[in-house]
Structures are given as structure tokens and as C-alpha cells.
Amino acid sequence: MNRAFSRKKDKTWMHTPEALSKHFIPYNAKFLGSTEVEQPKGTEVVRDAVRKLKFARHIKKSEGQKIPKVELQISIYGVKILEPKTKEVQHNCQLHRISFCADDKTDKRIFTFICKDSESNKHLCYVFDSEKCAEEITLTIGQAFDLAYRKFLESGGKDVETRKQIAGLQKRIQDLETENMELKNKVHDLENKLRITQVSTSPAGSVTPKLPSTDIFDMIPFSPISHQSSSIPTRNGTQPPPVPSRSAETKRDLFGAEPFDPFNCGAGDFPPDIQSKLDEMQEGFKMGLTLEGTVFCLDPLDSRC
């Protein structure tokens with residue numbers, strides 16, 4: 001399958017795939033801050049954000065405040081922004097939420113990226129100052145996005161439709177179990193009404209022999225206690241093994257079948273919220289990442305995954 005991934009001919013990736021897949025690449029930079037932007041992409045969008053944050057930092061610097069230093073950890077799992085000494089994570093930007101990344105050609109130290117916030121769903125532009133690595137950091141984020149997209153397709157992206165069907169089956173099973181419980185409650189109510197009717201129609205002063213209660217099908221319900229307490233012949237003077245308690249058995253439906261659990265089926269062992277996560281990642285990768293005029297995105301053949 002042809003990929004829609006491309007990059008400028010004069011640009012090459014900076015790291016091996018293993019370095020970004022199994023580990024992370026650390027970079028040191030100064031963090032000018034982040035600001036909300038109206039669009040997920042665009043050179044003018046990030047240019048205005050850089051101007052805004054540079055002006056704010058200039059004012060703070062005149063007041064004696066220094067630009068905070070941060071450590072960037074870039075991998076296929078995202079871009080983490082940490083406090084260098086304590087390693088406390090200040091921001092964790094997942095790659096499928098990053099839509100634009102560029103280094104400033106007029107100021108070689110500045111680089112920036114736009115990421116959709118996971119809580120507010122607003123687009124935030126993050127701006128950094130790196131004296132020597134601005135362009136390299138931009139390319140590293142682009143390479144990480146490339147590898148993350150490929151890993152998404154290999155591990156889960158192609159199973160989105162299958163998992164949607166599983167989620168639909170699970171919902172149907174829950175509805176059936178609810179309906180089954182309602183039917184059981186109705187049967188129980190009918191049995192109680194039948195007993196009340198029998199008592200009220202008995203002649204006054206007469207003693208009605210107590211008969212075993214039956215269900216609506218005139219069947220005596222099975223009781224493990226009465227079954228065990230009945231006289232059972234022994235063999236060679238030894239007691240037969242006790243009958244296991246019904247509560248210890250696997251829960252079964254009214255047809256005697258074990259309930260289907262789509263989240264406990266071998267290879268398809270998915271957490272309950274996997275579908276929403278996959279849908280979110282699919283939409284993020286579909287939007288693609290614009291890197292210095294080069295667009296990384298899904299091609300039409302992959303859009304069905």
C-alpha cells in the first residue's frame with residue numbers, strides 16, 4: 001500500500017526508528033509558553049502566536065523573570081514537556097493531536113507546534129527557544145509522527161470496524177440481560193399473586209396441607225439444599241462427594257448458556273473505552289501533520305481503516 005507520507009528531498013530523519021519506538025529523544029530548550037489559536041494549521045497562525053508570546057516574555061524579562069528551561073522527550077507516544085531537575089511532566093502532547101510543527105526561518109532558535117488540548121479541545125500553540133536544535137527538534141517530531149502512524153495501522157487502526165461491531169454486540173447483550181431480569185421479576189410477581197389467591201380461596205377453619213411451591217409451569221424449583229439433605233445411599237460406608245453450590249458455578253442465562261464477554265476473548269482483549277480512543281486517534285492521524293510545508297496524512301486507501 002502506498003503511503004502519503006513525504007518530506008522534502010533535502011531533509012532526512014535524524015534518528016533510528018528503534019530510538020523513537022523503544023526509547024525517547026531528549027532535548028533541552030526554553031519554554032516561551034503556549035497560547036490558544038483559532039486554526040489547527042497555518043504559518044500565519046503560528047507566526048502571530050510567536051509574536052504574542054515573545055512580547056509577553058519581553059515584558060516578564062524586563063521585570064526580572066527568566067524564561068523557564070524545560071526538557072522535551074520525543075517518542076512515538078508523544079512530546080512530553082518536563083521540568084529538567086525534578087522530571088515532573090508539565091505537558092503531555094500526544095502525536096495524533098499535533099497538527100502543525102515548524103521552526104522559524106527568520107529566527108533559527110525558535111520552533112513551535114500546534115496541539116489540540118485533550119480536556120478543552122482547544123488548539124494550543126507551544127513555542128520554544130533552542131539555540132542549536134530548533135530544526136532538528138522539528139524533524140524529530142515529524143519522524144515520530146510518521147512512526148506512530150505506521151504503528152497505529154499495524155496494531156489497531158485496521159481493527160476499528162471490527163471493534164465497533166464488538167461494541168455493538170456488547171450493547172445488545174446488556175439489553176438482553178436487562179430484559180431477562182425484567183422477565184424474572186414478572187414471573188416472581190405472578191407466583192406471589194398465585195399464592196395469595198390460593199390462600200384466600202381456602203375454606204375457613206380448614207387446614208390446607210402445605211405443598212411445595214411451583215412455578216408458572218407447575219414445576220417444583222430445584223433446591224440444592226433439599227437435594228443434599230435427602231437420603232442418598234452410600235457405597236462401602238462412605239458418603240458421596242458433596243454437590244457443589246450453584247452459586248459457585250459459572251453464571252448462565254435462562255437458556256443455560258454462558259454469557260458472551262467480548263472483552264475476555266483471547267486476542268481481542270480490549271479495555272472498555274478502546275473504541276473512543278481509536279476513533280480519536282484515527283481522526284487525529286487523518287488530519288495529518290504539516291511540517292514546514294510538507295504534509296503527513298492518511299491517503300485515501302488508508303482512510304477506511
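Asp 146 is buried in this predicted model, its relative accessible area being 6%. The value lies under the 20% limit that marks a residue as buried. A salt bridge connects the side chain of Asp 146 with that of Arg 150, with a distance of 2.6 Å from N to O. Unlike its buried partner, Arg 150 is partly exposed, at a relative accessible area of 31%. Both residues belong to helix H3, which spans residues 134–155. Because Arg 150 and Asp 146 are four residues apart in this helix, about one helical turn separates them.

Salt bridges that share partners also join Lys 54, Asp 107, Arg 109 and Asp 129 into one network. In total, the structure holds nine salt bridges. Side chains of opposite charge can pair when their charged atoms come close.

Within the network, Lys 54 forms a salt bridge with Asp 107, and the closest N and O atoms of this pair are 3.0 Å apart. The contact links distant parts of the chain, as the two residues are 53 residues apart. Lys 54 is located in helix H2, which covers residues 43–62, whereas Asp 107 occupies the loop between strand E5 (98–103) and strand E6 (110–116). The two partners also fall into separate accessibility classes: Lys 54 counts as partly exposed at 32% relative accessibility, while Asp 107 counts as buried at 15%. The latter assignment follows from the cut-off, because a residue under 20% relative accessible area is classed as buried.

Asp 107 takes part in a further salt bridge, in which its side chain meets that of Arg 109 at 3.4 Å, N to O. Asp 107 is therefore a partner of both Lys 54 and Arg 109, in keeping with the definition of a salt bridge as a side-chain nitrogen of Lys or Arg within 4 Å of a carboxyl oxygen of Asp or Glu. Arg 109 is partly exposed, and its relative accessible area is 39%.

The surroundings of Arg 109 include Glu 131. The C-alpha atoms of these two residues are separated by 4.8 Å, although Glu 131 and Arg 109 are 22 residues apart along the chain. Glu 131 is placed in the loop between strand E7 (123–129) and H3. With a relative accessibility of 66%, Glu 131 counts as exposed, in contrast to the partly exposed Arg 109.

Terms used:
Residues numbered from 1 in each chain as written. Predicted model: local features only at pLDDT ≥ 70, side-chain atom pairs only at ≥ 80, totals over all residues. Heavy atoms only, no water. Buried < 20%, exposed > 50% of the residue type's maximum accessible area, 1.4 Å probe, protein only.
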